[in-house]
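User: Could you take me through one part of this protein in close detail, and then show me how it fits with the rest? I am new to reading structures, so please explain the terms as you go.

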Amino acid sequence: QKLVGELMQELGLEEVEGEDLGGALQRCVRVLRDVYSPSALAVHKAVLAGEVEPLAIESFPLGFDTRDTAVNAVATALKMLYVADLRDLQNDVNAIIVAAQAFTAQPKTNSALGKVGR
């Protein structure tokens with residue numbers, strides 16, 4: 001647990017009271033995946049070089065208005081996190097489908113029996 005605490009400090013994460021080790025590790029993994037992935041670092045480098053403009057939170061549609069800019073910003077951030085989680089789930093489902101198709105979509109033909117299949 002001490003090492004996880006040190007990792008969280010290095011990543012700039014605050015410890016949450018009552019959080020178990022698994023939850024803390026999941027937060028660390030998410031930061032490492034989202035902030036320090038090769039694609040994220042490439043985007044950050046391009047922004048620093050002035051090649052692309054950073055995205056403003058106001059450029060993402062919220063879909064409703066709370067009449068409070070701070071609440072709208074928080075709701076937009078939560079929506080963005082939700083969409084990112086859905087994308088991860090879709091990627092996992094796609095991987096399962098590909099694995100299932102690799103198993104079922106390659107029938108073996110036994111021409112002596114005149115059958116196709118396993």
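Analyst:
**A close look at Gly-5 and its helix**

Gly-5 counts as buried, because its relative accessibility is 12% (buried means under 20% relative accessible area, exposed over 50%, and partly exposed in between, with a 1.4 Å probe and protein chains only). Before we go on, please keep in mind that this is a predicted model, where local features need pLDDT of at least 70 and side-chain atom pairs count only at pLDDT 80 or more, while totals for chains, interfaces and linings use all residues. Residues are numbered from 1 along each chain as its sequence is written, and side-chain values use heavy atoms, leaving out hydrogens and water.

Gly-5 belongs to helix 1 (helices are DSSP runs of H or I with at least four residues, strands are runs of E with at least two, and both are numbered from the N terminus). Now follow the chain onwards to Glu-15: this residue is 10 positions from Gly-5 in sequence, and the two C-alpha atoms are 7.4 Å apart.

Helix 1 spans residues 2–11 and packs against helix 2, residues 21–35. The angle between them is about 35°, and their axes are 10 Å apart (axes are lines fitted to C-alpha atoms, for helices over the stretch in contact, and angles run from 0 to 180 degrees between N-to-C directions). The crossing of helix 1 and helix 2 is left-handed, which means that the near helix is turned anticlockwise from the far one by less than a right angle; clockwise would be right-handed.

Which residues meet where helix 1 and helix 2 pack? On the helix 1 side they are Val-4, Leu-7, Met-8 and Leu-11. Helix 2 brings Leu-21, Ala-24, Leu-25, Arg-27, Cys-28, Val-31 and Leu-32 (contact means heavy atoms within 4.5 Å).

Arg-27, one of those helix 2 residues, has a second partner to look at. Its side chain forms a salt bridge with Glu-19, at 3.0 Å from N to O (a salt bridge is a side-chain nitrogen of Lys or Arg within 4 Å of a carboxyl oxygen of Asp or Glu). Side chains of opposite charge can pair when their charged atoms come close. Arg-27 counts as partly exposed because its relative accessibility is 25%, and Glu-19 is partly exposed too, at 27%.

Further along helix 2 you will find Arg-30 and Asp-34, which are about one helical turn apart because four residues separate them. They form a salt bridge as well, with their closest N and O atoms 3.4 Å apart. Asp-34 also meets Arg-33 in a salt bridge, at 3.1 Å from N to O. How exposed are these three? Arg-30 is partly exposed at 23%, Arg-33 at 37% and Asp-34 at 39%. Arg-30, Arg-33 and Asp-34 are linked with Asp-85 and Asp-88 in a network of salt bridges. Across the whole structure, a search finds five salt bridges.

Now let us step back. The protein has four helices and two strands, and their order from the N terminus is α-α-α-α-β-β. Of its 118 residues, 14% are buried, and Gly-5 is one that counts as buried. Among the contacts with a separation of 6 or more, 8% are between residues 24 or more positions apart.

For another buried residue, look at Thr-76 in helix 4. Thr-76 counts as buried because its relative accessible area is 5%. Setting aside neighbours within four places in sequence, Thr-76 is in contact with Ile-57, Phe-60 and Leu-62.

For a contrast, try Arg-67, which sits in the loop between helix 3 (38–48) and helix 4. Arg-67 counts as exposed because its relative accessibility is 80%. Its backbone is worth a look too: phi is about 65°, a positive value, although Arg-67 is not a glycine. Most residues other than glycine have a negative phi.

To return to your close-up: Gly-5 lies in helix 1, and helix 1 packs against helix 2. From helix 2, Arg-27 reaches Glu-19 through a salt bridge, while Arg-30, Arg-33 and Asp-34 join the network with Asp-85 and Asp-88.
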